[in-house]
Amino acid sequence: MKKRHATAVLFVIFFLTMALQAAEAKPKYVGSKKCGGCHKSEQLAWQVSIHAKAFDLLKPGKRKKAKKRAELDPEKDYTADKKCVKCHVTGYGEKGGYKDIKSTPNMLGVGCESCHGPGSKYVILHDEKMYGFGRSEAKALGQTYGSEDESVCIKCHGDKDSPFHEKIDPKYKFDWKAALAKRKTFHPKKKKSSFAF
Ligand code: HEC
Ligand code: HEC
Ligand code: HEC
Ligand code: HEC
């Protein structure tokens with residue numbers, strides 16, 4: 001009887017360890033500042049871009065006309081509204097990602113990792129291999145490529161949950177390729193490697 005008990009306990013410990021390892025295996029959000037340490041020009045351009053400032057749109061008085069047209073209250077504060085926040089911050093509800101203004105101020109706005117994926121693992125790859133890593137290697141560690149995979153952008157630019165969809169105004173229709181070409185909404189104009197010490 002006792003021996004069976006011990007075996008059961010061992011099994012429980014085994015599965016708990018596995019579960020913990022699985023949880024640890026998932027990459028975490030680390031914040032745009034960390035990327036900026038190596039990708040200075042991307043960070044500088046991003047900081048002043050509309051994606052970086054997207055959280056501000058949820059504040060009262062911002063884009064009044066657009067909000068009215070979408071039947072939102074232009075004087076309401078939407079900064080803590082669960083129906084809005086997920087597309088105006090980085091990694092909402094995910095490990096290391098946005099929780100609230102006070103505890104995760106570095107995750108406000110659409111950060112690097114909103115498009116490139118949670119960075120805790122691929123950052124190590126970038127650091128160790130620098131110019132010598134392949135995309136498949138990076139993808140295996142959680143990096144995403146918005147120019148190869150429309151879903152990276154569609155998770156926010158899909159019509160379903162956003163109040164600003166093409167039925168409100170055709171200008172809100174998302175054209176992936178055209179959007180990628182509007183680089184200044186997230187990056188420096190010229191596509192070049194930017195690694196700087
Ligand atoms: C220790 C320095 C370092 C850090 C920190 C770092 N990177 Fe990199 N990263 C590099 C280097 C070096 C390259 C390869 C040269 C290049 O494309 O700039 C690179 C490449 C990239 C590329 C192009 C990869 C490809 O396959 O085309 C992206 C995108 C990128 N980094 C995003 C990020 C993001 C997002 C973060 C933060 C989560 C980050 N990096 C953090 C050094 C770093
Ligand atoms: C599914 C993701 C998503 C959700 C949820 C979401 N937004 Fe947005 N929001 C977007 C995207 C994407 C855009 C950019 C649309 C465009 O310009 O094509 C945007 C744009 C905006 C704009 C600027 C519109 C303009 O024309 O100037 C405001 C203001 C805004 N959102 C507020 C809100 C508020 C308030 C809520 C909650 C009631 C909300 N959003 C929920 C994704 C979302
Ligand atoms: C709105 C989405 C978006 C945001 C936000 C964003 N990027 Fe990118 N980035 C891209 C796309 C798309 C590419 C093209 C390669 C790909 O498909 O990932 C790219 C490419 C890059 C590259 C490769 C060189 C180049 O310029 O093409 C680096 C390095 C990079 N990003 C770093 C960053 C860093 C650092 C941040 C934050 C400071 C950031 N990105 C924020 C979408 C974004
Ligand atoms: C986490 C949510 C999120 C992701 C992911 C995201 N965006 Fe956005 N994007 C927004 C929001 C919010 C705005 C509205 C900014 C404003 O109006 O000031 C916006 C605005 C834009 C605009 C300007 C409006 C327009 O349609 O001309 C472009 C272009 C754009 N995004 C391209 C992209 C591309 C390309 C990707 C994928 C590589 C991407 N975005 C990924 C949230 C997101």
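Is Phe 55 buried or exposed? Phe 55 counts as buried, with a relative accessibility of 4%. The close-ups below come from a predicted model.

**View 1. Phe 55 meets Tyr 98 in a tilted ring pair.** The count of aromatic pairs here comes to three, and this one has its ring centres 6.1 Å apart, with 50 degrees between the planes. Look at where the partners sit: Phe 55 is in the loop between helix 3 (40–47) and helix 4 (64–69), while Tyr 98 is in the loop between helix 5 (82–85) and helix 6 (112–116), so the pair ties together parts that are 43 residues apart in sequence. Tyr 98 is buried too, at 3% relative accessible area.

**View 2. Tyr 98 also pairs with Tyr 92.** This pair is tilted as well, with 6.3 Å from centre to centre and 35 degrees between the planes. Tyr 92 is partly exposed, with 29% relative accessibility, whereas Tyr 98 is buried.

**View 3. Three rings make a cluster.** Zoom out a little and you get Phe 55, Tyr 92 and Tyr 98 linked by ring pairs. Tyr 98 takes part in the pair with Phe 55 and in the pair with Tyr 92.

**View 4. A lysine sits over a tryptophan ring.** Here it's Lys 177 that lies over the face of Trp 176. The distance to the ring centre is 4.4 Å.

How values were computed
Residues numbered from 1 in each chain as written. Chains lettered and ligands numbered in written order. Predicted model: local features only at pLDDT ≥ 70, side-chain atom pairs only at ≥ 80, totals over all residues. Heavy atoms only, no water. Phe/Tyr/Trp six-rings, centres within 6.5 Å; stacked < 30°, edge-to-face > 60°. Helix = DSSP H or I, 4+ residues; strand = E, 2+ residues; numbered from the N terminus. Buried < 20%, exposed > 50% of the residue type's maximum accessible area, 1.4 Å probe, protein only. Lys NZ or Arg CZ within 6 Å of the ring centre and 35° of its normal.
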